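I opened a fresh notebook page for this one. Here is what I looked up, in the order I went.

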Amino acid sequence: MFPPILRDADVTQKILEAIIDAPGGRRSVSRLARTCKAFCEPALNVLWRELDSLIPIIALFPAHLLKRVRRPGLGLVRRIQDGVHLDTNVRLD
């Protein structure tokens, strides 16, 4: 059973906003979203409201569209098909 204070959506959102502003807050709120059903939807709303970059959104694309690479910058390239890079038609052998 949830404490009565967590049943109020406004109070829950204020608590999550206070947590996210603390050092390591984004990680804590994401953990709450994954471990507690009462916090899941409000925590996800707080996390998705303000993003530091577009990487979380781009990561939602299917793997066959973009391939992640380990390099400086965005870390994503267009998919490679049959050994030919789609942007330049250069063989990658």
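**Notebook: the chain, one residue, one pocket**

I began with burial in this predicted model: of the 93 residues in the chain, 18% are buried. Next I checked the surface, and the chain exposes about 7,500 Å². Carbon and sulfur atoms supply 57% of that exposed area.

Then I turned to secondary structure. I found four helices and four strands in the chain. Reading from the N terminus, I noted the order α-α-α-α-β-β-β-β.

I also looked up how far apart in sequence the contacts reach. Taking contacts between residues at least 6 apart in sequence, I get 22% that join residues at least 24 apart.

For a single-residue entry I picked Thr12, which sits in helix α1, residues 9-21. Is Thr12 buried or exposed? Thr12 counts as buried because its relative accessibility is 4%, and the cut-off for buried is under 20%. I then listed its partners, leaving out residues up to four places away in sequence: Thr12 touches Ile5, Leu6, Phe39 and Pro42.

My last stop was the largest pocket. How much space lies in it? I wrote down about 150 Å³ for the largest pocket. Its lining is made up of Arg26, Leu47, Trp48, Leu51, Asp52, Ser53 and Pro56. Sorted by class, that lining has four nonpolar residues, one polar residue and two charged residues. With the definitions in hand I could assign the names: Leu47, Trp48, Leu51 and Pro56 are nonpolar, Ser53 is polar, and Arg26 and Asp52 are charged.

Definitions and conventions:
Residues are numbered from 1 along each chain as its sequence is written. This is a predicted model: local features need pLDDT of at least 70, side-chain atom pairs count only at pLDDT 80 or more; totals for chains, interfaces and linings use all residues. Side-chain values use heavy atoms; hydrogens and water are left out. On a 1 Å grid over the protein atoms alone, a cavity is a set of points where a 1.4 Å probe fits but cannot get out, and a pocket is an open set with protein on both sides within 12 Å along at least five of seven lines; lining residues have an atom within 4 Å of a point. Grid points are joined across faces, edges and corners, and a volume is the space filled by probe spheres set on the points. Helices (H or I, at least four residues) and strands (E, at least two) are DSSP runs, numbered from the N terminus. Buried means under 20% relative accessible area, exposed over 50%, partly exposed in between (1.4 Å probe, protein chains only). Contact means heavy atoms within 4.5 Å. Accessible areas come from the Shrake-Rupley method with a 1.4 Å probe; for residues, only the protein chains shown count as cover.
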